[in-house]
2 protein chains.
Amino acid sequence: MITINDIANQVGVSISTVSRVLNHKSKKYRISSKTEEQILKAADELGYRPNELARGLRLKKTHSIGLVVPDIANPFFANVTQIIQKQAYEAGYSLIVCNTNEDISLEIEHVELLRRKGVDGYIIMPVGTLFEHIEDLVEHKKPLVLLDRNIEHIDANCVVVDNYKGAFQATSYLIENGHTRIAIIQGLRNTYTNNERVKGYLDALRKNGLEIDETLMVGKDFRKENGYIETKMLLNLENPPTAIFAFSDLITLGTLQAFLEESIKVPEDISLITFDDIDFAPYLFSPLTAVRQPRQMLGEVAVKLLIDDLKSKGRIERKKIVLDPKLITRKSVKLLTHARVDTTKINMINQY
Amino acid sequence: MITINDIANQVGVSISTVSRVLNHKSKKYRISSKTEEQILKAADELGYRPNELARGLRLKKTHSIGLVVPDIANPFFANVTQIIQKQAYEAGYSLIVCNTNEDISLEIEHVELLRRKGVDGYIIMPVGTLFEHIEDLVEHKKPLVLLDRNIEHIDANCVVVDNYKGAFQATSYLIENGHTRIAIIQGLRNTYTNNERVKGYLDALRKNGLEIDETLMVGKDFRKENGYIETKMLLNLENPPTAIFAFSDLITLGTLQAFLEESIKVPEDISLITFDDIDFAPYLFSPLTAVRQPRQMLGEVAVKLLIDDLKSKGRIERKKIVLDPKLITRKSVKLLTHARVDTTKINMINQY
DNA sequence: TTATATTGCACAAAGGTTTGTGCTAAACGC
DNA sequence: GCGTTTAGCACAAACCTTTGTGCAATATAA
């Protein structure tokens, strides 16, 4: 491994001079242009590569940021991750990616690891059930942004989408189409996203004077298996729902599998609406009506917030940013015949 | 920040003693259990967190590995990435993820960055058009595994799937179903995967005595837009194909969009087969026949190979591992009426 | 010519670890 | 009681940088 020492020896100067030249501080320290050239030449010839560990140790900066994500394989998170990676790279940062699998103890461990590695900042999509480790981060003034999921009590940068609104719109749309027995298959309980979606769902029901049936509020995590099992159960109810609102693309995947096995057709036999607008949604057997989240914006804003924080060294105040989702209507929701379509109401929903 | 120095002061011993205790070397260096306890207690109370930069500098080990991937947003790569992350974590390594966007200059930059950061090993899915930067890695004996794409001339660990076989099977399947005008929409030219797939396609045509029509061999990268544009062009041919073989899930996405716009139905109007068996494939408007790649295995083997290499310090010989893909037949291929189905041939293909 | 300013660079400390070696004091052998 | 072993730890170097300060040589001023 070539170090500045090797360069110094080759040129016959001290390592401090080499360092200054390599860091473009020749003028400031009055290094003659002759020496400068020699050093640059030697560095090139020897194939010098700065040791970022040593720099990081000295400078207390690693130019890397830690990304903590629940499930990279989930298309939604994968997309957001890609955006973040790109933005971070362009700002001069590398990404250390950690997958928590929605496991809080894994999340804690990963955050601990990232601290040991001395990352400059954190972008975290927290499980959200425990958060002392995150509080500790803000207490120590570590640049941090909470992504996709807010933690109310914590004074940290945060960018989320308005899950309440998304769920409210989706549920309202189903109601407008004559559905009264609407099931939800929830994601992980007590996460920010899930809570907000449940609230939106309930409020939409209440606003329309529909009764709330707890047996229709099922589900426990954002995974495919959850969607599959709960759908099977829902279909076996004595009085099954006429519509299902799935809280993630992966849940929808399980739901579709259950439908296939039971020969249930969407929307003829049952209506389906989903959070997360997967790329393939339009080409599914029944093109899916979905709540689309602004993935690109989510990632871009997260990185921007973090970089601002990094540059300002905490002098800048925390921001909580809420982005709007959008209901994309396709063909997976059936208009029940007894429904009176009230276009004014629909317009109201779209403007909401 | 708490250092071993702080612990040493608190307890009243030297930092070397602290270090040895914290590294479980008390016996080896005959530290009294009394001192040991005191140090452990102080470390806990002070909330000591080892500085991995300093350790890395001293030990020349960072416990992190660099992952270079063309496109994390692509479901295939996203899935592989997730597996790798998990396996790496369990082996005690963090993952620095770099997205090259199939851009060779970005790939080179990322590899350079990873070297500066001193990652212990590399898992790279190379663009493959240039590879001096990778050769340099093996020359310097850096633990490395090439994933999904091999580079023939390079003596590195490597795990790929048999793309030739996958393409051969898929093409043969189409031929068995009476198709003679089979288009391929290729991915990035001159990548290992693309080359092998083209070979498999051509060999299948030749073996069945079909003519090769260059106008049916289109496409230039693995993205959606490529699929969309090329499909539009293919549909406008004076003598359009009866089947399209798309070389990636994203290409298929574009193809489906084109089909939708042109009101083309699969498989009635045209047959479709794809590389990469996306999770949603069974539930598409026409459930997709696809070449499934063993994603889980791919990721697991890659990490295993790398870890072995890391542990053996280069004493172990390089391995090239080839995994089998699997043709999953669903309903996107139409049996052309004039075709004679030769079951013996089909069996032969499946055994291949 | 002498005093002062400037040029051009070297020295050394610091950042937090790990580890080979050496030193002191107690324990042991006889 | 003296020599030898052993226990228990400290010292200091090394890993590779960055940077404040200092010093010699040259240039400038008077």
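Q: What joins strand E6 of chain A to strand E8 of chain A?
A: Strand E6 (residues 182-185) and strand E8 (residues 243-246) of chain A run parallel and are joined by four bridges. Two strands pair if DSSP finds at least two bridges between them, and the four bridges therefore meet this criterion. One of the partnerships sets Ile185(A) against Ala246(A) in E8(A). The strands themselves are DSSP runs (E, at least two residues; helices are H or I, at least four residues), numbered from the N terminus.

Q: On what kind of model do these statements rest?
A: The model is predicted: local features need pLDDT of at least 70 and side-chain atom pairs count only at pLDDT 80 or more, whereas totals for chains, interfaces and linings use all residues. Residues are numbered from 1 along each chain as its sequence is written, chains are lettered from A and ligands numbered from 1 in the order in which they are written, and side-chain values use heavy atoms, with hydrogens and water left out.

Q: Why is the sheet of six strands in chain A called open?
A: The strand order is E7-E6-E8-E9-E10-E12 (chain A), with mixed pairing. Strand E7 (217-218) and strand E12 (326-328) of chain A stand at the edges; each has a single partner strand, so one side of each is left without a neighbour in the sheet.

Q: Which strands of chain A do helix H9 and helix H11 lie across?
A: Helix H9 (residues 192-207) of chain A lies across E6, E7 and strand E9 (271-275) of chain A, at about 175° to E6(A). Helix H11 (residues 249-261) of chain A lies across E6, E8 and E9 of chain A, at about 155° to E9(A). These angles run from 0 to 180 degrees between N-to-C directions, with axes fitted as lines to C-alpha atoms, for helices over the stretch in contact.

Q: What makes up the open sheet of 12 strands?
A: Both chains contribute, in the order E11(A)-E5(A)-E4(A)-E3(A)-E1(A)-E2(A)-E2(B)-E1(B)-E3(B)-E4(B)-E5(B)-E11(B), with mixed pairing. Strand E11 (320-323) of chain A and strand E11 (320-323) of chain B stand at the edges, each with a single partner strand, so one side of each has no neighbour in the sheet. On average, neighbouring strands of this sheet are turned by 20° against each other, direction ignored. Within chain B, three bridges join strand E4 (residues 144-147) to strand E5 (residues 157-161), and the two run parallel; Leu146(B) stands opposite Cys158(B) in E5(B). In chain A, helix H12 (residues 295-312) lies across strand E1 (64-69), strand E3 (121-124), strand E4 (144-147), strand E5 (157-161) and E11, running at about 170° to E5(A).

Q: How do you know how chain A and chain B are related?
A: A rotation of 180° with 0.0 Å of shift along its axis superposes chain A on chain B, with an RMSD of 0.1 Å. The two copies are thus related as by a two-fold rotation axis. The superposition is by least squares on the C-alpha atoms of residues with pLDDT of at least 70 in both copies.

Q: Why can the copies be said to meet through the same surface?
A: Of the interface residues of chain A, 100% are also interface residues in chain B, so the copies meet through the same surface.

Q: What makes Tyr48(A) a polar contact of DNA strand D?
A: A polar contact is a pair of N or O atoms within 3.5 Å (within protein, one must be able to donate a hydrogen and the other to accept it, and residues adjacent in sequence count only if both atoms are side-chain atoms). An N or O atom in the side chain of Tyr48(A) is 2.7 Å from a phosphate oxygen of DNA strand D, and the pair therefore qualifies. For Asn23(A), the side-chain distance to a phosphate oxygen of this strand is 3.1 Å. A polar backbone atom of Arg58(B) is 3.4 Å from a base oxygen of DNA strand D.

Q: Which residues are the closest to DNA strand C, and how many surround it?
A: DNA strand C is surrounded by 32 residues, the closest being Ser14(A), Thr35(A), Arg20(B), Lys25(B) and Arg58(B). A residue is near a strand if one of its heavy atoms lies within 4 Å of it. The surface near DNA strand C divides into 12 nonpolar, 11 polar and nine charged residues. A backbone N or O atom of Ser32(A) lies 2.6 Å from a phosphate oxygen of this strand.

Terms used
Contact means heavy atoms within 4.5 Å. Ala, Val, Leu, Ile, Met, Phe, Trp, Tyr, Cys and Pro count as nonpolar, Asp, Glu, Lys and Arg as charged, and the others, Gly among them, as polar.
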